[in-house]
Amino acid sequence: MKNWSGNVSFDANLVVRPTNVDDIKSALIAADSVRALGSAHSFNRIADSKDLLISFELFPKDIQIDKVGKQVRVAAGVRYGELAIALQAAGLALLNMGSLPHITVVGATSTGTHGSGLRNQNLSAAIASIELITAGGEDVTITGDELPSARVGLGALGVIHHLSLQAIDTFDVAQRIFLDLPFENLLHHFEEIMQAGYSVSAFTTWGDAMVDQIWVKSRMDIDTVPGHELFGATAATHKFHPLAGAATKSATEQLGSVGPWHERLPHFKLDFTPSFGEELQTEYFVDIKDAVAALQAVHALRAQVRPLLLVAELRTIAADDNWLSEAYGRDSLAIHFTWKPDFAAVTAFLPALEAAIAPFKARPHWGKLFTAENFDFHELYPKFGEWLAYRAGLDPDRKFINEQLSLWGM
Ligand SMILES: Cc1cc2nc3c(=O)[nH]c(=O)nc-3n(C[C@H](O)[C@H](O)[C@H](O)COP(=O)(O)OP(=O)(O)OC[C@H]3O[C@@H](n4cnc5c(N)ncnc54)[C@H](O)[C@@H]3O)c2cc1C
């Protein structure tokens, strides 16, 4: 069994596929070491287990919508794309989505997965309650003041069987793409460009002078859709994929056509292979105040980056108060790299990249590749020590700590 990218082979000696909550409890009680699996889209070994892996493939895809309270209770195993279709049918929407709808709600929120938008927090911020089975087999619901400690839980607090999310009224989005933004203009107008729509992504191959594509997703109820020019970039007149030359049929609708939120906020459609398919990913989060300096630091490394790169993406995330959220306490720029699938060459280069952005206290994405030794999580996350204590309270025998989490000092 492998992850989506194929770079991780899961070590588990037993995979259990529960069909109800009692199955989870009995599997948990019998095992010494356990991890739960979402859609296996993470690029490191975060979801791996040497002993038991719990897969939600056969778990009922329960989606219960409270239209009046605008909340939805969703089962582990449900993918964002599936949830979005149900919410849209009920006249509701999520505040935001990541670049692809194929990932599970529980797996994505567990690693702090995000979309883009200076007004938008990461996806876990929408969690209103978490229902999980603890290491001891107890069914616990986490709500209220306890949520900041648990929303980004890295699968280390227990096995989540349901989450409840806050929703909002449905809205329409238009997506337009702008080409060849001069890099200097990005630096001089960074926040204005990233606020040109509800959700803005800049795709770049770190050329000397140009940012290749700016994807602007405008909410029809609150934004003004940009015209034919954006700070020197010009509006595309045909459809684009973030990767030059890749087939555009997997990409969501563009060219300013108006449609529902869930068909425009992700970059890729649910029924196609997203992104490139054979790739590795790395992503680092810096304070938005350091955005320009951090971009310059990466740009200075472009001669080393480019041979390994498929494409890079720049997104913004609003600050939140979730202890292990990569945007904890700071509005953030996320600098993302989609690499060619050369694991040895990419991991050999990462220390140089990480050294260049270390002065900005960059936090790595929990679900992507990074060099563990280069990050001191006590320094990067003010609540890291409290989170370790909170976690130990739920799991004193470290049943949910795998090798990857140990390597990260957990
Ligand atoms: C093509 C591609 C595009 C991506 N785009 C984005 C993006 O736009 N933004 C972004 O931030 N990230 C992105 N990612 C990264 C991805 O969102 C994260 O790795 C995410 O965690 C994957 O979700 P998953 O359902 O596959 O979870 P998995 O990778 O299966 O698991 C992730 C974590 O969740 C835990 N978990 C899963 N289910 C449960 C459960 N029931 N109970 C407790 N813990 C559980 C696992 O143990 C693990 O720790 C992308 C990845 C790929 C492959």
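Which residues of helix 9 are buried? The legends below, drawn from a predicted model, begin with this element.

**Figure 1. Buried residues of helix 9 and the elements that cover them.** The buried residues of helix 9 are Val 346, Phe 349, Leu 350, Leu 353, Glu 354, Ala 356 and Ile 357. An α-helix has 3.6 residues a turn, so residues three or four places apart point the same way. The cover over the buried residues of helix 9 includes two strands, strand 17 (280-287) and strand 19 (332-339), together with helix 7 (291-299) and helix 8 (302-305).

**Figure 2. Span and kink of helix 9.** Helix 9 comprises 15 residues (residues 343-357), and at 1.5 Å a residue it should span 21 Å. The C-alpha atoms at its ends are 21 Å apart, in agreement with that expectation. At Leu 350 the helix has a kink of about 30 degrees, and the proline Pro 351 follows shortly after. Leu 350 also belongs to the buried residues of helix 9.

**Figure 3. A nonpolar surface patch.** Met 220, Val 225 and Val 258 make a nonpolar patch of about 210 Å² on the surface. Val 225 is placed in the loop between strand 13 (210-219) and strand 14 (229-230). With a relative accessible area of 31%, Val 225 is partly exposed.

**Figure 4. Salt bridge between Glu 379 and Lys 361.** The side chains of this pair meet at 2.9 Å, N to O. Glu 379 lies in helix 10 (residues 377-380) and Lys 361 in the loop between helix 9 and strand 20 (363-364), so the salt bridge ties together parts that are 18 residues apart in sequence. Both partners are partly exposed: Glu 379 has a relative accessibility of 48%, and Lys 361 has one of 40%.

**Figure 5. Salt bridge between Glu 263 and Arg 264.** Here the N to O distance is 3.9 Å. Glu 263 counts as partly exposed because its relative accessibility is 39%, whereas Arg 264, at 4%, counts as buried.

**Figure 6. Salt bridge between Arg 391 and Asp 395, and a salt-bridge network.** Side chains of opposite charge can pair when their charged atoms come close. The side chains of Arg 391 and Asp 395 meet in a salt bridge of 2.9 Å, N to O, and both residues are buried. Elsewhere, Asp 11, Arg 45, Asp 48, Lys 50 and Glu 403 are joined into one network by salt bridges that share partners. The structure as a whole holds 22 salt bridges.

How values were computed. Residues numbered from 1 in each chain as written. Predicted model: local features only at pLDDT ≥ 70, side-chain atom pairs only at ≥ 80, totals over all residues. Heavy atoms only, no water. Helix = DSSP H or I, 4+ residues; strand = E, 2+ residues; numbered from the N terminus. Expected span 1.5 Å × (residues − 1). Bend = angle between axes of the 7 residues up to and from the residue. Buried < 20%, exposed > 50% of the residue type's maximum accessible area, 1.4 Å probe, protein only. Contact = heavy atoms within 4.5 Å. Patch = residues over 30% accessible without salt bridge, like charges linked within 9 Å, V, L, I, M, F, W, Y side chains within 5 Å. Areas by Shrake-Rupley, 256 points an atom, 1.4 Å probe, with all protein chains shown as cover. Salt bridge = Lys/Arg side-chain N within 4 Å of Asp/Glu carboxyl O.
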